[in-house]
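Please open the model in your viewer and keep the sequence beside it, since this tour moves from the whole chain to a single residue.

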Amino acid sequence: MQHPTDVTIEPADASDVDTLAELWVELAADQRRYGSHLLAADNGSRILEAMRHHVATDTAIVARRDGDLVGFVTFEVETGRYRQDAVRGIVHNIYVRDPDRSEGIGSGLLDAAEDALRDMGVDIVALQAMADNADARAFYHRHGYAAHRIELEKPINDDLVTSDSD
């Protein structure tokens, strides 16, 4: 799906940092309905610093319509303590404001992030979606993403009875 011709997808710049942080808060607040534990507004200052970092390292791409940000994607090359047989890129966040969804903007952002990661030497791209967010999982599946690792969780004070046969 092509993104709309009235939307530009381009690297974020320093003037976008505050709006990127606001959009991230919208994203985090929206994810609460799918079981996210993130407290959106409580992380405002941390995410502002993270967005500054993404802009400074060219790992944030935005979608603009009539000069206004309507979506963004942040990503980076994975770094870690363990050596792997592939260089992985991580898409941290992708978000399109609700009124601008289903127009191909998210696809354009994801494509742009994948292109940037490819240019950075990445072999594989990974991302996460909330298990209960069927729309997000379907979106990523349409773009060729498949489950690689499944994260499971439970409340520590869960009264479920377990058995050795589980």
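How much area does the protein expose, and what share of it do carbon and sulfur atoms supply? With the whole surface shown, the protein exposes about 11,100 Å², and carbon and sulfur atoms supply 48% of it (accessible areas come from the Shrake-Rupley method with a 1.4 Å probe). This is a predicted model, in which local features need pLDDT of at least 70 and side-chain atom pairs count only at pLDDT 80 or more, while totals for chains, interfaces and linings use all residues. Residues are numbered from 1 along each chain as its sequence is written, and side-chain values use heavy atoms, with hydrogens and water left out.

Switch next to a cartoon view, where four helices and five strands appear, in the order β-α-α-β-β-β-α-β-α along the sequence; helices (H or I, at least four residues) and strands (E, at least two) are DSSP runs, numbered from the N terminus.

Now select Asn133, which sits in the loop between strand E5 (124-127) and helix H4 (134-142). Is Asn133 buried or exposed? Asn133 is buried, with a relative accessible area of 8%, where buried means under 20% and exposed over 50%, with partly exposed in between (1.4 Å probe, protein chains only).

Finally, display what surrounds this side chain: a polar atom of the Asn133 side chain lies 3.1 Å from the backbone nitrogen of Ala136. Leaving aside residues up to four places away in sequence, Asn133 touches Gln31 and Tyr34, a contact being heavy atoms within 4.5 Å.

Notes. Polar contact = N/O pair within 3.5 Å; in protein donor to acceptor, adjacent residues only side chain to side chain.
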